[in-house]
Amino acid sequence: MNKASLKEKFLIYKVRQNKDAESYGKLYDYYVDRIFRFILFKVAGFEIAEDLTSEVFLKTWEYINGTPKKIGNLNALLYKVARNCVIDYYRSKSREAICTDEECFENICDERNDLVEETADKIDIQSIEKHLSKLKDAYREVIILKYIEDFSVSEIAELIDKSNGTVRVLLHRAMKALKDIAGE
């Protein structure tokens, strides 16, 4: 077991035993940027991503303090809660409220400019996002988890409740579809 996971387990223990907000704050600080970025790629707006990120950490706090179950992998738990929050968000909206046209995409890109400048210096991120937005959700999700969030195949499989083989097939098909869209 590495030092980071021991520290994480100790912080979770403190949160669970004493409802220690300071310890949870350390966990929050470590994971918030990754969870926010994951959600931002899935929703149509910076503010919505902020709200959903807050909801993820609130639900995780409640889960940690409300269940006697052992938390083996906080990272996977946070991404699973984030994924479910995004699904719930889209379920609660009518089909017309989901923005998919080019103008909406340009507005999203305008809101993300600061974030994009910090995370990608030379990558044409707008082009990548445009191509990703054309993929079906399952393909987009595995590509983001693998190549942006740097998850392993087994971590992705655990997160989306699929087998390792299924995830490999999804990644292969997603990359083929992305290459077809990009015209390479």
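**Why these labels? Reading a nine-helix model**

User: Leaving aside its neighbours within four places in sequence, what is Asp20 in contact with?

Analyst: With those neighbours within four places left aside, Asp20 touches Lys14, Val15 and Trp61. Please keep in mind that this is a predicted model. Asp20 sits in the loop between helix 1 (3–18) and helix 2.

User: What makes Asp20 a cap for helix 2?

Analyst: A side-chain oxygen of Asp20 lies 3.1 Å from the backbone nitrogen of Glu22, at the N-terminal end of helix 2. The cut-off for a polar contact is an N or O pair within 3.5 Å, so 3.1 Å qualifies.

User: And what joins the side chains of Asp20 and Ser23?

Analyst: A polar contact of 2.6 Å does. That value is also within the 3.5 Å limit.

User: How do you know that Leu11 is buried?

Analyst: Its relative accessible area is 8%, and buried means under 20%, so Leu11 is buried. Leu11 belongs to helix 1, and beyond its neighbours within four places in sequence its contacts are Ser23, Lys26 and Leu27. With Ser23, the C-alpha atoms are 5.4 Å apart in space, although the two residues are 12 apart in sequence.

User: What is the bend in helix 2, and where is it?

Analyst: Helix 2 (residues 21–40) bends by about 50 degrees, and the place is Tyr31. Tyr31 is one of the buried residues of this helix, along with others including Ser23, Leu27, Val32, Ile35, Phe36 and Ile39.

User: Why is Thr53 called buried?

Analyst: Thr53 has a relative accessible area of 4%; the label needs a value under 20%, so Thr53 earns it. Thr53 is part of helix 3 (residues 46–66). Leaving aside neighbours within four places in sequence, Thr53 is in contact with Val32, Ile35, Phe36 and Ile39, and these residues are on the buried list of helix 2.

User: Why does Asn75 count as buried?

Analyst: At 13% relative accessibility, Asn75 is under the 20% cut-off, so Asn75 counts as buried. This residue is in helix 4 (residues 74–92). Apart from neighbours within four places in sequence, Asn75 meets Glu8, Tyr31, Arg34 and Phe151. For Asn75 and Arg34, 41 residues apart in sequence, the C-alpha atoms are 9.8 Å apart.

User: Why are helix 7 and helix 9 called roughly perpendicular?

Analyst: Helix 7 (residues 137–148) packs on helix 9 (residues 164–182) at an angle of about 100 degrees, with 9 Å between the axes. Angles of 65 to 115 degrees count as roughly perpendicular, so this pair gets that label. Among the contributors are Ala138, Tyr139 and Val142 from helix 7, and Leu170, Leu171 and Arg173 from helix 9. By class, this contact has 11 nonpolar, no polar and two charged residues.

User: What makes helix 8 and helix 9 roughly perpendicular?

Analyst: For helix 8 (residues 153–160) and helix 9, the angle is about 105 degrees and the axes are 8 Å apart. That angle is in the 65 to 115 range, so helix 8 and helix 9 are roughly perpendicular to each other. Helix 8 brings Val153, Ser154, Ile156, Ala157 and Ile160, and helix 9 brings Asn164, Val167, Arg168, Leu170 and Leu171. This contact divides into seven nonpolar, two polar and one charged residue.

User: How do you know that Asp150 is exposed?

Analyst: Exposed means over 50%, and Asp150 is at 64% relative accessibility, so Asp150 counts as exposed. Asp150 lies in the loop between helix 7 and helix 8. Its phi is near 60 degrees, a positive value in a residue other than glycine.

User: And why does Asp161 count as exposed?

Analyst: The relative accessibility of Asp161 is 57%, which is over 50%, so the label is exposed. The loop between helix 8 and helix 9 holds Asp161, and the phi of Asp161, a residue other than glycine, is positive, near 60 degrees.

User: Stepping back, how many helices and strands are there in the protein?

Analyst: Nine helices and zero strands. Of the 184 residues, 39% are buried. Taking contacts between residues at least 6 apart in sequence, 63% join residues at least 24 apart.

Notes. Residues are numbered from 1 along each chain as its sequence is written. This is a predicted model: local features need pLDDT of at least 70, side-chain atom pairs count only at pLDDT 80 or more; totals for chains, interfaces and linings use all residues. Side-chain values use heavy atoms; hydrogens and water are left out. Helices (H or I, at least four residues) and strands (E, at least two) are DSSP runs, numbered from the N terminus. Buried means under 20% relative accessible area, exposed over 50%, partly exposed in between (1.4 Å probe, protein chains only). Contact means heavy atoms within 4.5 Å. The bend at a residue is the angle between axes fitted to the seven residues ending there and the seven starting there. A polar contact is a pair of N or O atoms within 3.5 Å; within protein, one must be able to donate a hydrogen and the other to accept it, and residues adjacent in sequence count only if both atoms are side-chain atoms. Axes are lines fitted to C-alpha atoms, for helices over the stretch in contact, and angles run from 0 to 180 degrees between N-to-C directions. Angles under 35 degrees count as roughly parallel, over 145 as roughly antiparallel, 65 to 115 as roughly perpendicular and the rest as oblique. Ala, Val, Leu, Ile, Met, Phe, Trp, Tyr, Cys and Pro count as nonpolar, Asp, Glu, Lys and Arg as charged, and the others, Gly among them, as polar.
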